Amino acid sequence: MTKPLTKIRNICCIGAGYVGGPTMAVIADRCPFIKVTVVDLNEKRIAAWNSKDLSQLPVYEPGLDAVVKRARGRNLHFSTEVDLTISQADMVFISVNTPTKTKGLGSGQASDLRWVEACARQVANSAEGHTIVVEKSTLPVRTAETVQSILQASQEPKDEQTKQKTFVVLSNPEFLAEGTAISDLESPDRVLIGGEDSEAIEALAGIYKEWVPAEKILRTNLWSSELSKLTANAFLAQRISSINSVASLCEVTGADVKEVAKAIGADSRIGTKFLNAGPGFGGSCFKKDILNLVYLCRHFGLPEVADYWQKVVTLNTWQQDRIARLVVKKLFGTVTSKKIALLGFAFKADTNDTREAPAIRIAKDLLEEGACLAIYDPKVDAKQIETDLTLPPNYVLADKSSSPKEINNAEGIWWPSQNVKEAALGADAILILTEWDEFQYLNWKEIAPLMRQPAWVFDTRSVVNANAVKSTGLRLWRVGDGAQ
Ligand code: NAD
Ligand code: UGA
């Protein structure tokens, strides 16, 4: 039997996505004595991680380029050689996608674990000696059992010459948020390690101890760790649905959700974070993780608990729908052939990620109503928007001179704009959907005369200076503002 390793020298991370890439870049940066190789099946993605031009990295995160620059080529590598890298590793992180199942048992709720299972099988085949397998992906509680049984099946040596393989499975969920990934990884609120094998737990803790204070490294059993990740996301999402529900009540009662959020957040038991009303939460994880929780609750015979969490998602969808309906209502009941400047397509600021972005659902609803959308986002390109809307852009109207006259009878089309002014030209409304910094500082005196009057600004993120907008004669709707 091979002696378990306590000091990790060689890490393989399977999955070079939003989590695998930045997480491993920070580990490599902080632990120059560990060789870290991130592998992926997606050749284009790996090529982008290896690109000389750091602005071409596949993930946009403030500060990521500097970290990659320091570590890449030194002890950080990106490769498509999955089997070889696994065979050399003491520790393998599984950081692959775990989306919601789209068909079969649990369709629309349960997590699709096919990529995790494929990884477990690949590790089982290719690993040599003793390997610590770390679940980094967000997984349904008790997935480690499946991973363990796949690995166990390969533990028996095939013949006398073959060295025996041994495995330990740990859970180490990731809590980073996009847009702040590097600072979250460099100064995490906590690092969570779940497992049964204390030597393996300490080997992983030893890596984090290089830069994370010891008291922030929490150790739990496997199932608590897996479940903590799902419930942390559920709690965060629940706060957003709660404040969005309050926003709608503010709008009909004369209260202001910003003031209410400040007042309730001042209670240290509630706290100030995650109380910004908006167009509903987006991102690749909140919805899928809550739906997974709902599925698990039903599976374990807890329908009331499942219904409770389901409501968080239901309210989120309602919030997105109500914003699209409100825009139509304010524009005299019809948006057909009207130009609307849609500002922000990413699901939040400081990321190029559009997965589950509220902009997708809201834009689709407005296109369905016949609107012509000029879409501007500082980081999301036209190709991505086309994929998300499943509709190619209409470039005939994409030039700077597009105006209501030229739009004529066009309906249900969109095109990308290069900047806010270009998008606003001739528009009946501006709809702000992402809280990018630049939208806070727009020059409304310059923008207002470009628009067709009477024109509206719909600020779903409450980022604009309300007085500056109103002083130009523009009409303003701000989420949760009952004074309007
Ligand atoms: P992603 O889709 O960006 O990346 C996953 C990568 O895994 C893809 O590049 C894919 O090609 C690769 N992959 C899939 N199967 C593979 C295999 N068998 N071999 C090699 N490569 C394979 O996903 P992500 O956003 O990085 O999320 C990964 C996990 O982390 C998910 O479980 C997610 O819930 C969780 N998570 C995500 C975030 C986030 O901010 N995105 C934060 C915390 C946790
Ligand atoms: C979220 C969690 O914050 C991370 O801890 C977690 O690791 C991650 O999910 C994950 O598991 O994927 P992320 O989705 O990247 O991170 O970003 P958040 O900052 O949580 O924002 C999610 C959505 O909620 C965004 O659409 C954001 O605009 C919205 N939001 C956030 C609000 O509408 N109001 C708020 O007050 C906060």
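Which helix gives the largest share of the shell around ligand 2? Keep that question in mind as you turn the structure on your screen, and remember that you are looking at a predicted model. The answer is helix H9, residues 222-253, which supplies 4 residues of that shell.

Let us stay with ligand 2 for a moment. It is surrounded by 19 residues, and those that come nearest are Phe175, Leu176, Glu178, Cys285 and Arg461. Two of these residues reach the ligand through their backbone: a polar backbone atom of Leu176 is 2.7 Å from an oxygen atom of ligand 2, and a polar backbone atom of Glu178 is also 2.7 Å from an oxygen atom of ligand 2. With Lys348 you should look at the side chain instead, where a polar atom lies 2.8 Å from an oxygen atom of ligand 2. How much of the ligand does the protein cover? On its own, ligand 2 has 710 Å² of accessible area, and the protein covers 90% of it. If you sort the shell around ligand 2 by class, you find 11 nonpolar, 3 polar and 5 charged residues.

Now move to ligand 1. Here 25 residues form the surroundings, and the closest are Asp40, Arg45, Thr98, Glu178 and Lys288. You have already met Glu178, because it is listed among the nearest residues of ligand 2. As for side chains, an N or O atom of Arg45 is 2.7 Å from an oxygen atom of ligand 1. The side chain of Lys288 also has an N or O atom by an oxygen atom of ligand 1, at 2.6 Å, and for the side chain of Asn97 the distance is 3.5 Å. Taken alone, ligand 1 exposes 840 Å², and the protein buries 92% of that. The shell around ligand 1 holds 9 nonpolar, 9 polar and 7 charged residues. Where along the chain do these residues come from? At least three belong to domain 1 (10-220), and at least three belong to domain 2 (231-313).

Next, find the strands further along the chain. Strands of a sheet pair through backbone hydrogen bonds, either parallel or antiparallel. In this model, 6 strands form an open sheet with parallel pairing, and their order is S11-S10-S9-S12-S13-S14. At the edges are strand S11 (413-416) and strand S14 (475-478), each of which pairs on one side only. On average, neighbouring strands of this sheet are turned by 20 degrees against each other, direction ignored. To see one pairing in detail, look at strand S9 (residues 339-343) and strand S12 (residues 429-432), which pair in the parallel sense over 4 bridges. Within this pair, Ile340 stands opposite Ala429 in S12.

Finally, take a look at two details of the backbone. Most residues other than glycine have a negative phi, and most peptide bonds are trans. Glu356 has a positive phi of about 60 degrees, although it is not a glycine. You can find Glu356 in the loop between S9 and helix H13 (358-368). The other detail is the cis peptide bond that joins Gln453 and Pro454, with an omega of about -5 degrees. Pro454 sits in the loop between helix H18 (444-447) and strand S13 (456-459).

Terms used
Residues numbered from 1 in each chain as written. Chains lettered and ligands numbered in written order. Predicted model: local features only at pLDDT ≥ 70, side-chain atom pairs only at ≥ 80, totals over all residues. Heavy atoms only, no water. Near = heavy atom within 4 Å. Polar contact = N/O pair within 3.5 Å; in protein donor to acceptor, adjacent residues only side chain to side chain. Areas by Shrake-Rupley, 256 points an atom, 1.4 Å probe, with all protein chains shown as cover. Nonpolar A, V, L, I, M, F, W, Y, C, P; charged D, E, K, R; others polar. Domains from an automatic or database assignment. Pairing = 2+ DSSP bridges. Helix = DSSP H or I, 4+ residues; strand = E, 2+ residues; numbered from the N terminus. Axes fitted to C-alpha atoms, helices over the stretch in contact; angles between N-to-C directions.
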